[in-house]
Amino acid sequence: MISILQRNSLRTASLATVVLAFSLFSTYPRAEEIYSGHGVAMHGDLKYGSDFTHFEYVNPDAPKGGGVRLAAIGTYDNLNPYILKGVVAAGMALTFDTLTEHSRDEPFSEYGLIAESIEMPADRSWVKFNLRENARFHDGSPVIPEDVIYTLETLKTKGHPFYRAYYADVVAAEKVGERSVKFSFRSGENRELPLIMGQLPVVSKAYFANREFDKTTLEAPLGSGPYQVDSLDPGRSITFRRVKDYWAKDLPVNRGRYNFDRMRYEYYRDAVVAVEALKAGEYDFRAENSSKNWATAYDVPAVDKGLLVPALIENERPTGMQGFFINTRRPMFADPRVRQALAFAFDFEWSNKNLFYGAYTRTESYFSNSELAAEGLPSAEEIAILEPFRDSLPEAVFTNPYRAPSADGSGNIRANLKQAFALLKQAGWEISDKKLVHRKTGEPMVFEILLANPTWERISLPYARNLERLGIEARVRTVDTAQYQNRVDSFDFDMIVAVIGQSLSPGNEQRDFFSSEKADLPGSRNYAGVTDPVVDALIAQVIGAPDRNSLVSRTRALDRVLLWGHYVVPHWHLRADRLIYWDKFGKPARDAKYGVQFTAWWVDAAKEEALAEAMGGSDDQ
C-alpha cells in the first residue's frame, strides 16, 4: 500500500506499519509531570540519546551524487499523495516532511524532524510540538504552526478518508507561542494519539490558499522534503531531484540518507515487462516479490559476471496478511461457513511446489514473523480478554489453534473439497445441475476475482478451477490500475488479492483495517467489510494497551477472532527482502533490523564507471 497515505517504501513505511505511541520512561512519570524531549518510544527507552548524530544503519559520510532509476507499474494522474482521487505518482511523498521521523532498528521510536522537541503529560490528553526555527518549504518560506493546523484540518475534511478516522479523536489544534502547536484529544484510552500526530505530513497553507486541495493535479504541490519534482511525462515517468539546500539535511534523522541527486521512476505495463527492462539495464534496482522471477528470471550472464546482483536479506518485521480478501458486503459471503469453505479450495502446498519453488511459508496469522501472532491455544491472559465475548464468538477461538487448510502438494485436494462442501451445505447451498445454488433462492454462486496485475492470474486460475469442482463459478478478471483502484475504493468487488501490512505496535490503523465504522467508508482498507462488535471492542483494547505485555496479549486475541472470522483465504509470506540491482551502489555496513533502507544507499562512482565499461557504454542518466 501501500501508498497515498505516507512517504513511499523508500522513505517511511505506511502509517499502517509505522504506528507510534508513548513513553521515554521505563517507569511512568506522575500525572502532574510533563515530559519534554527529542523523541519518544512506545514502551521503554529510546535507543538514541539527545546527542545522537545518526542512525546506526546509515553511513553518515555517504557521498551525495549520481542518479538512480526505479520502476513503477501501471500509470499515474495525480501528484497529491494525500487525497482519494486519482492514482498518485510513485515517490511523491519524498517531497514532504513530517513532524517526526521513526527509526528502523527499534520497535517504535520517533525522533524530531520538523519538530525540535515534543511535550506531553503523563495522561496523554494532549501533545505539543515545538517546531524548528529553520524548517522551510522549498520556496524558502518557513514552516509555521498555522501550516501544521491547516494540514490537520484539511486532511480531516478534504483528504483521503483514512485521515478522518485516524485523527477523529483530535478535538483541538492550537498555536501555542511563536513556534509551537498543541493538539488536544478526546478523553479515553488511546495510547498512540499523542505521537501519532508526529506522523502528520505538513503542507503549506499559503500554497493552497488559491488551490483546491481535493482535486487531482499534475502541478507538484509545495513541499519541504529532501526531493522535488524535476520533470514528468504524465503516466509514463517522473523524475525527482535532491534539494541541495534541503533545510533538514544535517539533522541526525537524515544524516547519511537521501544520497541520490536524481531519482527517476519509469512506468511499465506490468511486472513481466518490468523484469525484462531491468535485465536490459533500463533501471537499476528492484525489490522482487515473485518467487518464479527469483528462481528463473535472473539466470542471465550479467548475474554470472557479478554485474547484476541478487540479494536475499532477512528481516524481523511482521509480514502482515496477504490473501484472497472476501467482500462480506455481498450477501453470498455473509455466512462465515461459506468463507471458510472457500479457503478449503485453495491448495497452497501445490502452489508452493509448482509455482513458487518451495520459497514460502503458509500464513496463519495477521501478525506473522512477530511475537504478536496468535500461536497454539490462548494463554490465560488471552482467555481473560476474550471471555466477556464468549457468547458472540465461535467456540473454536477458545479450543482450537487456527490452522489454514493444508494438502500434500500432489494437487489432489478431494478431502478438503469434501469439508468445503459440508460447510456449504450447512450454510444452505446445494448442487443443482452441476452448479452450486442456494437452497432457498436458487441463486447460483458466481463471483469475480478482481486483479490489477496479470502476475496473480497464475495463482487465481488454479484456485478458480478448484472452486469449479464445488460448483462455484469464479471468474478471474484483470483490469487496468485506475479501474482497479476505483473499484476497490468503492468496494465494487467480490474478491481481491490484497495485503494488510502490520507493524510491531498495532493500534489506530486497525480501525481502518477491520472496524465497523470503516466498513462502508470509501477508500478504507477494511476490504472484507468486517462489522463485528467484538472486533471493534478488541481494537479499542489494543489501542489502549498500557504496556508491551498487554499489547501482545490483546493483539493475539484480536488475531484469533479475525482468523476464525474467515475474512480472507490466507496466502503465504517470506521473512526476507529479495533485491536485485546493478552493481553501482555503496551500502551501509549493517542493514536496519526491520528491513533494507534503500535511501541509505548511494552511488559508488568507481563501481558505476566499472559497470558502464563492462556493459560497453556509459550511464546516461
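Strand 8 (residues 170–176) and strand 9 lie side by side in the antiparallel sense, paired over six bridges, and this is a good place to begin reading the model, which is a predicted one. Within this pairing, valine 176 stands opposite serine 180 of strand 9. The two strands form a hairpin with three residues between them, and in that turn glycine 177 has a positive phi of about 75°.

Strand 9 also pairs with another strand, since five bridges join strand 7 to strand 9, and these two run antiparallel. Here the bridge partner of tryptophan 126 is serine 184 in strand 9. Strand 9 is mostly covered, for five of its six residues are buried.

From this point one can turn to the nonpolar core to which strand 9 contributes. The largest nonpolar core of the model has 58 residues, and those with the most contacts inside it are Leu99, Val127, Phe129, Tyr167, Phe183 and Met197. Several elements give two or more residues to this core, namely strand 2 (39–41), strand 6 (115–121), strand 7 (126–131), helix 1 (145–158), helix 2 (161–166), strand 9 (180–185) and helix 3 (193–196). Helix 1 gives the most to this core, with five residues. As a general background to such a core, nonpolar side chains in soluble globular proteins tend to be buried together.

Strand 6 also holds methionine 120, and this residue has a relative accessible area of 0%, so it counts as buried. How far apart in space are methionine 120 and alanine 302? Computed along the sequence they are separated by 182 residues, while from C-alpha to C-alpha they are 55 Å apart in space.Another pair gives a second view of sequence and space. Valine 569 lies in strand 22 (residues 568–570), and it counts as buried because its relative accessibility is 0%. Valine 569 and alanine 341 are 228 residues apart in sequence, and their C-alpha atoms are 9.6 Å apart in space.

The next stop is strand 21 (495–500), which is mostly covered, with five of its six residues buried. Strand 21 pairs with strand 15 (residues 321–326) in the antiparallel sense, over six bridges, and in this pairing the bridge partner of glutamine 322 is valine 499. Strand 21 is also joined by two bridges to strand 19 (residues 446–451), and these two strands run parallel. In that parallel pairing, methionine 495 of strand 21 is the bridge partner of isoleucine 449.

In the loop between helix 13 (481–489) and strand 21 the reader can find phenylalanine 491. Its phi is near 60°, a positive value in a residue other than glycine. Is phenylalanine 491 buried or exposed? With a relative accessible area of 7%, phenylalanine 491 is buried, since the cut-off for being buried is under 20%.

Tyrosine 357 can be read beside it, for its phi is likewise positive and near 60°, in a residue other than glycine. Tyrosine 357 sits in the loop between helix 8 (348–354) and strand 16 (361–362). With a relative accessible area of 46%, tyrosine 357 is partly exposed, because that term covers values between the 20% limit for buried and the 50% limit for exposed.

A further hairpin is made by strand 17 and strand 18, with two residues between them. In its turn, aspartate 433 has a positive phi of about 55°. Strand 17 (residues 429–432) and strand 18 (residues 435–438) pair in the antiparallel sense over four bridges, and glutamate 430 has valine 437 of strand 18 as its bridge partner.

Having followed these details, one can step back to the whole chain, which contains 17 helices and 26 strands. A compact globule of 621 residues would have a radius of gyration near 25 Å, and the chain has 25 Å, which agrees. Along the principal axes, the C-alpha atoms fill a box of roughly 70 × 70 × 45 Å. Of the 621 residues, 59% count as buried, and the accessible surface of the chain comes to about 24600 Å², of which 48% belongs to carbon and sulfur atoms. Finally, the chain has 73 positive and 83 negative charges, and the mean positions of these two sets are 3 Å apart.

Methods
Residues are numbered from 1 along each chain as its sequence is written. This is a predicted model: local features need pLDDT of at least 70, side-chain atom pairs count only at pLDDT 80 or more; totals for chains, interfaces and linings use all residues. Side-chain values use heavy atoms; hydrogens and water are left out. The radius of gyration is taken over C-alpha atoms; the globule rule is 2.2 Å times the number of residues to the power 0.38. Buried means under 20% relative accessible area, exposed over 50%, partly exposed in between (1.4 Å probe, protein chains only). Accessible areas come from the Shrake-Rupley method with a 1.4 Å probe; for residues, only the protein chains shown count as cover. Lys and Arg count as positive and Asp and Glu as negative; His and the chain ends are not counted. The place of a charge is taken as NZ of Lys, CZ of Arg, CG of Asp or CD of Glu. Two strands pair if DSSP finds at least two bridges between them. A nonpolar core is a set of buried Ala, Val, Leu, Ile, Met, Phe, Trp, Tyr and Cys residues joined through side-chain atoms within 4.5 Å.
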